[in-house]
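Work through the exercises below with the sequence and the 3D structure open beside you. Try each task before you read its solution.

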Amino acid sequence: MKTVRVLQVLGGTSLGGAESRVMDSYRHIDRNRIQFDFAVHTGEKGFFDEEIERLGGHIYRFPRFRVINWPAYRRAWKDFFREHPGYRAVHGHMTSTASIYLPIAKKSGVSLTIAHARSAGVDPGLKGKLTRFLRRNLGKKADMCLTCSQLAGEAVFGKKMWDEGRVKTVPNAIDAPAFAYDEKIRERMRRSLSIPEDAFVIGHVGRFGHMKNHLFLLDVFAAVNKKLPGARLLLVGEGGLMEQVKEKAAALGVLEQVIFTGNQGKVSDYYQAMDFFVFPSLFEGLPGSVIEAQACGLRCLISDSVTPEVLITDLAEAKPLSLGAGDWAEDVLLRKDYRREQMEQAVREAGFDVSDQVKLLEEIYLQEK
């Protein structure tokens with residue numbers, strides 16, 4: 001059978017949630033039958049670039065959409081498909097401009113166009129309004145609409161399409177065995193991060209952006225720290241708001257106890273060093289980091305703004321942000337003592353292991369109609 005090529009459309013190839021999930025699928029899919037290429041909207045080299053090329057994929061760079069370059073953006077896509085014919089599918093994870101590039105792909109002869117909703121909200125201000133405008137009627141401009149959760153599906157494609165069953169859910173699955181709890185890795189990581197053996201560590205993994213709500217997380221940690229002065233806050237990720245978070249940590253008097261690791265390729269090791277995962281996002285699609293944390297046996301406290309589909313084990317609990325950071329801190333302190341257990345099987349049974357998900361993706365990509 002001839003290998004079919006699928007074009008994955010993303011903002012970049014950094015360590016973001018969508019990018020990580022696509023790479024998990026890429027590593028596990030049958031690359032003798034299906035090969036991925038990547039269309040990205042940045043000129044900067046991404047974290048996954050070398051791995052993509054090693055696995056046989058190509059990376060193509062497009063101009064970042066800025067409204068005023070609308071004609072040039074359309075022209076770039078038309079030129080691309082004229083120069084690179086033969087794609088079986090175009091899988092658009094970047095829904096803000098999918099209404100532009102998916103119809104062009106279809107007219108250029110691509111058999112299957114896919115719009116994939118991965119977030120249930122938008123950034124504040126003009127950027128968010130523009131995103132909503134560009135997404136209008138997106139469901140009518142794609143052959144298939146996928147989503148990571150009901151909230152994300154309704155937010156991007158509309159409740160009517162969801163209610164009519166025209167949006168298919170593909171969970172943000174992870175490589176579950178890679179996150180299995182390991183006491184030796186925990187000890188090694190805590191030593192490398194200079195974390196005392198008896199220190200209580202609250203952790204978070206995510207980009208430093210508006211939606212992740214790091215400032216609220218700092219308030220929670222500060223309240224916990226008053227009861228547990230030796231506590232640590234372990235933050236994995238990077239982003240535009242990192243300096244603002246550092247400034248607030250200093251103002252709260254806890255900067256010395258906050259560990260900023262930046263982006264990490266093997267993030268699974270950092271979950272091992274944590275004792276509790278706190279995730280107070282303002283909105284999400286279906287955050288893979290919460291699934292990863294549960295796979296590593298961590299108790300999790302998450303915002304009830306996050307889809308309940310992420311609560312796949314008894315380890316995770318949702319709470320309204322409106323209750324305030326003090327209430328969240330009390331909850332963490334009440335639930336902080338527990339025994340870490342192996343949760344790989346629970347993740348598999350909940351349908352969040354990537355080895356099961358790639359079978360679904362293979363069926364989608366290889367379908368004749």
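The exercises that follow concern a predicted model, and each task comes with a worked solution.

**Exercise 1.** State into which domains the protein is divided, and how far apart their centres are.

Solution. Begin with the division itself: domain 1 is made up of residues 4-173 together with 353-366, while domain 2 covers residues 176-350. Next, take the centres over C-alpha atoms, which places domain 1 and domain 2 29 Å from each other. Finally, look at who takes part in the contact, where domain 1 contributes 19 residues and domain 2 contributes 18 residues.

**Exercise 2.** Describe the area that domain 1 and domain 2 bury between them, and find which three residues of domain 1 supply the most of its share.

Solution. The two domains together bury about 1400 Å², and 52% of this area lies on carbon and sulfur atoms. Turning to domain 1 alone, Leu15, Asn172 and Asp353 account for 34% of the area it buries against domain 2, which is more than any other three residues supply.

**Exercise 3.** Characterise the polar and charged links between the two domains, and then the side of domain 1 that touches domain 2.

Solution. Start with the charged pairs, since side chains of opposite charge can pair when their charged atoms come close. Between domain 1 and domain 2 there are 2 salt bridges. The side chains of Arg21 and Glu292 form a salt bridge with an N to O distance of 2.8 Å, which satisfies the cut-off of 4 Å. Across the same interface, 7 residue pairs are in polar contact. On the side of domain 1 that touches domain 2, helix 6 (150-157) and helix 15 (354-366) each supply at least two residues, and helix 6 gives the largest share with 3 residues. Sorted by character, the residues of this side comprise 8 nonpolar, 6 polar and 5 charged.

**Exercise 4.** Count the salt bridges in the whole structure, and locate the one between Asp37 and Arg5.

Solution. A search of the whole structure gives 27 salt bridges. In the pair asked for, the side chains of Asp37 and Arg5 meet at 2.7 Å, N to O. Asp37 belongs to strand 2 (residues 34-40) and Arg5 to strand 1 (residues 4-9), so that this pair, 32 residues apart, links distant parts of the chain.

Note on methods: Residues numbered from 1 in each chain as written. Predicted model: local features only at pLDDT ≥ 70, side-chain atom pairs only at ≥ 80, totals over all residues. Heavy atoms only, no water. Domains from an automatic or database assignment. Contact = heavy atoms within 4.5 Å. Buried area = accessible area lost by both parts, 1.4 Å probe. Polar contact = N/O pair within 3.5 Å; in protein donor to acceptor, adjacent residues only side chain to side chain. Helix = DSSP H or I, 4+ residues; strand = E, 2+ residues; numbered from the N terminus. Nonpolar A, V, L, I, M, F, W, Y, C, P; charged D, E, K, R; others polar.
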